[in-house]
Amino acid sequence: MTPEPPRPEIAALPEQAPPAAPPESYPFWGYPDLFGFILIAVLGSVVEALLMSALISLTHVKQIYVLMPAQVLLYAFLLGTLALIFRRYYGRPFWHSLRWIPAGLSPSFVAACGVAMAFAVMIGSVLMRTPDIDSPMKALLSDPVSVLFIAVIGTTLAPLCEEIVFRGFLQPLLVRSFGAAPGILLAAAAFGLMHLQEYGYSWRHALLIAAAGASFGWMRQRTGSTKAAAVMHAAYNGVFFLLLAVQQAALHGRWVGR
């Protein structure tokens, strides 16, 4: 019998690696989360206004001494609501999800961008002939103590919270839906509208604030960092508070001199 020829060995096939998971879309939250947050924010603002009005009428204390603690509590409530949404429904960390991360740019450069934007807004205000109106904000900034209180909040907590809400939470959703430029502009428009009542419903003031918001949005989109937008916003606010403090000091000195 003829011996069987040797059979060639069949090499074992390498194990197939499991298919890679598709990259997760960002932002991972959606419009139901946004609408729920807006509803909670509106209810919180209404409750804040009612409590402030009742407290001022009962105690007759100066408005600024009620407004500032109430504003801090409202900011804490809104950030806590966002944190709850991320933890409860998505199991995600708050700060990293909102891209509170280093910008990759020098903080001094980011702050300089805020200062430059403040002067650009001043020039725009002159060109638009923005009227000097009696607004709630102007009434609050009528004395040095009020300026000091609002300046501290306006260069620390307010930029942090507003940038987290508008550039950290809202803008990425709009950018994903409409593209970078429309998303930035839509978030900036919402930012301007939020400040409309503070400035006596002056459309010129709201438009200038929206322009500033667009610059903060550009910084957020350019760097991927909400922290950078907040630093720019704080520097922007700081310019106006510094000029206001100088004006108050000059007026005070003039009256003392008399």
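Select Leu 50 as the starting point of the tour: Leu 50 counts as exposed because its relative accessibility is 59%, where exposed means over 50% relative accessible area, buried means under 20%, and partly exposed lies in between (1.4 Å probe, protein chains only). Leu 50 sits in helix H1, which covers residues 31–59; helices (H or I, at least four residues) and strands (E, at least two) are DSSP runs, numbered from the N terminus.

Before going further, keep in mind that this is a predicted model, in which local features need pLDDT of at least 70 and side-chain atom pairs count only at pLDDT 80 or more, while totals for chains, interfaces and linings use all residues. Residues are numbered from 1 along each chain as its sequence is written, and side-chain values use heavy atoms, with hydrogens and water left out.

Now add Phe 35, Ile 38, Val 42 and Val 46 to the selection, and together with Leu 50 they make a nonpolar surface patch of about 480 Å². Patches are made of residues with over 30% relative accessible area and no salt bridge, with nonpolar side chains (Val, Leu, Ile, Met, Phe, Trp, Tyr) joined within 5 Å and like charges within 9 Å.

Next, zoom out to the whole chain, which has ten helices and zero strands. Of its 258 residues, 40% count as buried, and the chain exposes about 15400 Å², of which carbon and sulfur atoms supply 70%; these areas come from the Shrake-Rupley method with a 1.4 Å probe, and for residues only the protein chains shown count as cover.

Then look inside, at the largest nonpolar core, where Leu 82, Phe 86, Leu 98 and Phe 169 touch the most other members among its 55 residues. Helix H2 (residues 63–90) gives the most to this core, with twelve residues. A nonpolar core is a set of buried Ala, Val, Leu, Ile, Met, Phe, Trp, Tyr and Cys residues joined through side-chain atoms within 4.5 Å. Select Leu 82 and show what surrounds it: apart from neighbours within four places in sequence, Leu 82 is in contact (heavy atoms within 4.5 Å) with Phe 37, Phe 94, Leu 98, Ile 164, Val 165 and Phe 169.

Move on to helix H7 and select Arg 167 and Glu 163, which both lie in this helix, four residues apart, about one turn of the helix. Arg 167 and Glu 163 form a salt bridge whose closest N and O atoms are 2.8 Å apart, the rule being a side-chain nitrogen of Lys or Arg within 4 Å of a carboxyl oxygen of Asp or Glu. Both Arg 167 and Glu 163 are buried, and the count of salt bridges comes to one.

Glu 162 is also in helix H7, which spans residues 157–178. Glu 162 is buried yet has no salt bridge, and the nearest side chain of opposite charge, Arg 167, is 6.1 Å away; for this purpose Lys and Arg count as positive and Asp and Glu as negative, while His and the chain ends are not counted. Not counting residues up to four places away in sequence, Glu 162 touches Tyr 75, Arg 167, Phe 191, Met 194, His 195 and His 233.

Finally, select Gly 200, in the loop between helix H8 (180–194) and helix H9 (203–223). Gly 200 counts as partly exposed because its relative accessibility is 34%, and its C-alpha atom is separated by 7.1 Å from that of Asp 134, 66 residues apart along the chain.
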